[in-house]
Amino acid sequence: MVSRKRRDAEADGRAARVHSRLAEARQSRGVAAVALARVAGVTRQTIYAIEAGTYVPNTAIALKLARALEMPVEDLFQLDVEPPAPRLVAARLIGGEECCRGTPVQLCKVGEKWVGVPAVAAPWQLPPADAVLADPARGLVQRLAEDKAFAIDDAVRDLGYAPRSFADGILAEVRALGLATGATR
(Lines give C-alpha, C1' and ligand atoms only; values in the text may rest on other atoms or scores of the structure.)
Protein backbone atom coordinates (compact mmCIF):
# COMPACT_ATOMS: atom_id res chain seq x y z
CA MET A 1 0.00 0.00 0.00
CA VAL A 2 1.37 3.42 -0.96
CA SER A 3 1.35 6.07 1.75
CA ARG A 4 -0.57 9.28 1.17
CA LYS A 5 2.63 11.32 1.53
CA ARG A 6 4.44 9.22 -1.09
CA ARG A 7 1.42 9.29 -3.44
CA ASP A 8 1.23 13.09 -3.11
CA ALA A 9 4.97 13.40 -3.71
CA GLU A 10 4.77 11.26 -6.83
CA ALA A 11 1.74 13.18 -8.08
CA ASP A 12 3.57 16.50 -8.09
CA GLY A 13 6.78 15.08 -9.56
CA ARG A 14 8.84 14.53 -6.42
CA ALA A 15 10.00 10.93 -6.51
CA ALA A 16 11.49 9.05 -3.59
CA ARG A 17 15.29 9.00 -3.62
CA VAL A 18 16.85 5.65 -4.52
CA HIS A 19 20.18 4.65 -3.02
CA SER A 20 22.36 2.40 -5.16
CA ARG A 21 24.87 -0.11 -3.81
CA LEU A 22 25.84 -1.13 -7.31
CA ALA A 23 29.44 0.15 -7.13
CA GLU A 24 30.11 -1.67 -3.88
CA ALA A 25 28.57 -4.92 -5.15
CA ARG A 26 30.30 -4.74 -8.53
CA GLN A 27 33.73 -3.95 -7.08
CA SER A 28 33.51 -6.60 -4.34
CA ARG A 29 32.83 -9.21 -7.02
CA GLY A 30 35.59 -7.92 -9.29
CA VAL A 31 33.23 -7.21 -12.19
CA ALA A 32 34.21 -4.47 -14.64
CA ALA A 33 31.66 -1.78 -15.48
CA VAL A 34 31.92 -2.66 -19.19
CA ALA A 35 31.20 -6.36 -18.58
CA LEU A 36 28.23 -5.58 -16.32
CA ALA A 37 26.88 -3.07 -18.83
CA ARG A 38 27.05 -5.66 -21.60
CA VAL A 39 25.06 -8.21 -19.55
CA ALA A 40 22.42 -5.62 -18.58
CA GLY A 41 22.16 -4.22 -22.10
CA VAL A 42 23.29 -0.68 -21.22
CA THR A 43 26.43 1.40 -21.66
CA ARG A 44 29.25 1.67 -19.11
CA GLN A 45 28.29 5.35 -18.71
CA THR A 46 24.87 4.17 -17.55
CA ILE A 47 26.52 1.90 -14.97
CA TYR A 48 28.60 4.83 -13.68
CA ALA A 49 25.53 7.09 -13.60
CA ILE A 50 23.61 4.49 -11.55
CA GLU A 51 26.57 4.16 -9.18
CA ALA A 52 26.78 7.93 -8.80
CA GLY A 53 23.06 8.17 -8.09
CA THR A 54 22.33 10.43 -11.05
CA TYR A 55 20.32 7.77 -12.91
CA VAL A 56 17.72 5.36 -11.53
CA PRO A 57 17.34 2.26 -13.70
CA ASN A 58 13.99 0.91 -14.75
CA THR A 59 12.77 -2.38 -13.28
CA ALA A 60 14.09 -4.56 -16.11
CA ILE A 61 17.61 -3.13 -15.91
CA ALA A 62 17.62 -3.34 -12.09
CA LEU A 63 16.61 -7.01 -12.27
CA LYS A 64 19.25 -7.77 -14.93
CA LEU A 65 21.94 -6.11 -12.77
CA ALA A 66 20.85 -8.08 -9.70
CA ARG A 67 20.84 -11.34 -11.65
CA ALA A 68 24.30 -10.63 -13.11
CA LEU A 69 25.70 -9.91 -9.63
CA GLU A 70 23.81 -12.89 -8.13
CA MET A 71 22.07 -10.89 -5.43
CA PRO A 72 18.55 -9.70 -4.60
CA VAL A 73 17.54 -6.45 -6.25
CA GLU A 74 16.62 -5.08 -2.79
CA ASP A 75 20.30 -5.35 -1.82
CA LEU A 76 21.30 -3.26 -4.84
CA PHE A 77 18.67 -0.52 -4.64
CA GLN A 78 16.86 0.90 -1.63
CA LEU A 79 14.35 3.70 -1.14
CA ASP A 80 14.94 6.42 1.43
CA VAL A 81 13.11 5.70 4.63
CA GLU A 82 10.41 8.29 5.20
CA PRO A 83 10.44 9.86 8.64
CA PRO A 84 7.30 9.07 10.58
CA ALA A 85 4.60 11.70 10.70
CA PRO A 86 4.65 13.79 13.87
CA ARG A 87 2.61 12.15 16.59
CA LEU A 88 0.09 14.39 18.29
CA VAL A 89 -1.15 13.38 21.72
CA ALA A 90 -3.72 14.98 24.00
CA ALA A 91 -2.19 16.26 27.22
CA ARG A 92 -3.62 17.88 30.32
CA LEU A 93 -1.77 21.20 30.25
CA ILE A 94 -0.99 22.79 33.59
CA GLY A 95 -0.26 26.49 33.56
CA GLY A 96 -0.33 26.65 29.78
CA GLU A 97 -3.28 28.96 29.21
CA GLU A 98 -1.05 31.79 27.93
CA CYS A 99 1.07 29.55 25.71
CA CYS A 100 1.03 29.60 21.94
CA ARG A 101 1.77 27.02 19.27
CA GLY A 102 5.42 25.90 19.33
CA THR A 103 5.92 26.43 23.07
CA PRO A 104 8.27 23.74 24.50
CA VAL A 105 6.44 21.41 26.89
CA GLN A 106 7.67 18.92 29.45
CA LEU A 107 5.57 15.75 29.43
CA CYS A 108 4.89 13.05 31.96
CA LYS A 109 2.72 9.99 31.39
CA VAL A 110 0.41 9.13 34.27
CA GLY A 111 -1.41 5.88 33.64
CA GLU A 112 -2.71 6.24 30.11
CA LYS A 113 -2.89 10.04 30.17
CA TRP A 114 -0.30 12.71 29.43
CA VAL A 115 0.29 15.71 31.68
CA GLY A 116 2.33 18.64 30.38
CA VAL A 117 3.74 21.90 31.70
CA PRO A 118 5.40 24.66 29.69
CA ALA A 119 9.18 24.28 29.85
CA VAL A 120 10.85 27.34 31.30
CA ALA A 121 14.32 28.24 30.08
CA ALA A 122 17.07 29.61 32.26
CA PRO A 123 18.90 32.58 30.67
CA TRP A 124 21.91 30.43 29.83
CA GLN A 125 20.25 27.27 28.54
CA LEU A 126 17.47 25.89 26.39
CA PRO A 127 14.45 24.47 28.20
CA PRO A 128 14.30 20.71 28.56
CA ALA A 129 11.29 19.65 26.53
CA ASP A 130 9.67 16.43 25.42
CA ALA A 131 7.13 18.07 23.11
CA VAL A 132 5.96 21.33 21.59
CA LEU A 133 2.48 22.74 21.84
CA ALA A 134 0.67 22.02 18.56
CA ASP A 135 -2.86 23.19 19.32
CA PRO A 136 -3.30 25.15 22.57
CA ALA A 137 -7.11 25.22 22.34
CA ARG A 138 -7.40 21.43 22.12
CA GLY A 139 -4.44 20.59 24.37
CA LEU A 140 -2.55 18.79 21.60
CA VAL A 141 1.22 18.48 21.81
CA GLN A 142 3.67 17.05 19.27
CA ARG A 143 6.01 14.54 20.89
CA LEU A 144 9.66 15.05 20.01
CA ALA A 145 10.93 11.57 20.83
CA GLU A 146 8.92 8.41 21.35
CA ASP A 147 11.47 6.65 23.55
CA LYS A 148 12.22 9.49 25.98
CA ALA A 149 8.88 9.85 27.69
CA PHE A 150 8.91 9.87 31.46
CA ALA A 151 6.27 7.60 32.94
CA ILE A 152 5.59 8.39 36.56
CA ASP A 153 3.58 5.23 37.28
CA ASP A 154 6.42 3.04 38.57
CA ALA A 155 8.00 5.80 40.65
CA VAL A 156 4.64 6.58 42.24
CA ARG A 157 3.89 2.92 42.91
CA ASP A 158 7.29 2.61 44.61
CA LEU A 159 6.15 5.37 46.99
CA GLY A 160 2.94 3.45 47.75
CA TYR A 161 0.48 5.63 45.82
CA ALA A 162 -1.91 4.82 43.01
CA PRO A 163 -0.82 6.76 39.87
CA ARG A 164 -4.25 8.28 39.18
CA SER A 165 -4.76 9.54 42.75
CA PHE A 166 -1.19 10.84 42.81
CA ALA A 167 -1.67 12.80 39.58
CA ASP A 168 -5.02 14.14 40.76
CA GLY A 169 -3.35 15.16 44.01
CA ILE A 170 -0.61 17.04 42.14
CA LEU A 171 -3.17 18.80 39.96
CA ALA A 172 -5.22 19.76 43.04
CA GLU A 173 -2.09 21.18 44.70
CA VAL A 174 -1.19 23.16 41.58
CA ARG A 175 -4.72 24.55 41.32
CA ALA A 176 -4.74 25.41 45.02
CA LEU A 177 -1.56 27.41 44.54
CA GLY A 178 -3.23 29.30 41.69
CA LEU A 179 -0.71 28.06 39.11
CA ALA A 180 -3.36 26.66 36.77
CA THR A 181 -6.55 28.47 35.90
CA GLY A 182 -8.43 26.24 33.54
CA ALA A 183 -6.58 25.52 30.29
CA THR A 184 -6.03 21.93 31.34
CA ARG A 185 -7.20 18.94 29.36
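# A guided tour of the predicted model

Select Leu133 first: Val141 of β7 stands opposite Leu133. Please keep in mind throughout that the structure on the screen is a predicted model.

**The strands around Leu133**

Extend the selection to β6 (residues 131-135) and β7 (residues 140-143). These two strands pair in the antiparallel sense, over 4 bridges. The hairpin that they form has 4 residues between the strands, and Gly139 in this hairpin takes a positive phi near 70°.

Next, select Asp135 and Arg138. Their side chains meet in a salt bridge, with an N to O distance of 3.5 Å. Is Arg138 buried or exposed? Arg138 has a relative accessible area of 54% and is therefore exposed, since the cut-off for exposed is over 50%.

Now add β4 (residues 104-110), which pairs with β6 in the antiparallel sense over 2 bridges. Within this pairing, Pro104 stands opposite Val132 of β6.

**Gly116 and the second core**

Move to strand β5, residues 113-118, and select Gly116 within this strand. Its relative accessibility is 1%, so Gly116 counts as buried; the cut-off for buried is under 20%. Show the surroundings of Gly116: leaving out residues up to four places away in sequence, Gly116 touches Ala91, Arg92, Leu93, Ile94, Val105, Gln106 and Leu107. If the viewer has a distance tool, place it on the C-alpha atoms of Gly116 and Ala129, which are 9.8 Å apart in space and 13 residues apart in sequence.

**The largest nonpolar core**

Select Leu22, Ile47, Leu65, Leu69, Leu76 and Phe77. Of the 18 residues in the largest nonpolar core, these touch the most other members. Helices α2, α3, α4 and α5 are the elements that give two or more residues to this core. Apart from it lies another core, of 10 residues, including Ala91, Leu93, Cys99 and Val105. A general tendency may be recalled here: in soluble globular proteins, nonpolar side chains tend to be buried together.

Centre the view on Ile47. Which residues is Ile47 in contact with, leaving aside neighbours within four places in sequence? They are Leu22, Arg26, Ala33, Leu36, Ala37, Val42 and Leu65.

**Helix α3**

Select α3, residues 33-40. Ala33, Leu36, Ala37 and Ala40 are the buried residues of this helix. Looking down the axis of α3, one finds these buried residues within an arc of 100°, so they line one face of the helix. Arg38 and Val39, on the other side of α3, are exposed. The buried residues of α3 pack against α2, α4 and α5. Continue along the chain to Gly41, which follows α3 and has a positive phi, near 80°.

**Helix α5**

Select α5, residues 59-68, where Ile61, Ala62, Leu65 and Ala66 are buried. Why do these residues lie on the same side of α5? They cover an arc of only 135° around the axis, which puts them on the same side. Thr59 and Arg67 are exposed on the other side of α5.

Show the elements around this helix: the buried residues of α5 pack against α2 (22-28), α3 (33-40), α4 (44-52), α6 (73-76) and β2 (77-79). Then examine both ends. At the start of α5, a side-chain oxygen of Asn58 comes to within 3.1 Å of the backbone nitrogen of Ala60. Just after α5, Glu70 takes a positive phi of about 55°.

**A salt bridge between two helices**

Select Arg26 and Glu51, which form a salt bridge whose closest N and O atoms are 2.6 Å apart. Arg26 belongs to helix α2 and Glu51 to helix α4, so the pair ties together parts that are 25 residues apart in sequence. Both Arg26 and Glu51 are buried. In total, the model has 2 salt bridges.

**The whole chain**

Finally, clear the selection and display the entire chain. How many helices and strands does the chain have? Its secondary structure comes to 8 helices and 7 strands. Of the 185 residues in the chain, 30% are buried. Among contacts between residues at least 6 apart in sequence, 58% join residues at least 24 apart.

Notes. Residues numbered from 1 in each chain as written. Heavy atoms only, no water. Buried < 20%, exposed > 50% of the residue type's maximum accessible area, 1.4 Å probe, protein only. Arc of directions from axis to C-beta. Contact = heavy atoms within 4.5 Å. Polar contact = N/O pair within 3.5 Å; in protein donor to acceptor, adjacent residues only side chain to side chain. Core = buried A, V, L, I, M, F, W, Y, C linked by side-chain atoms within 4.5 Å. Salt bridge = Lys/Arg side-chain N within 4 Å of Asp/Glu carboxyl O. Pairing = 2+ DSSP bridges.
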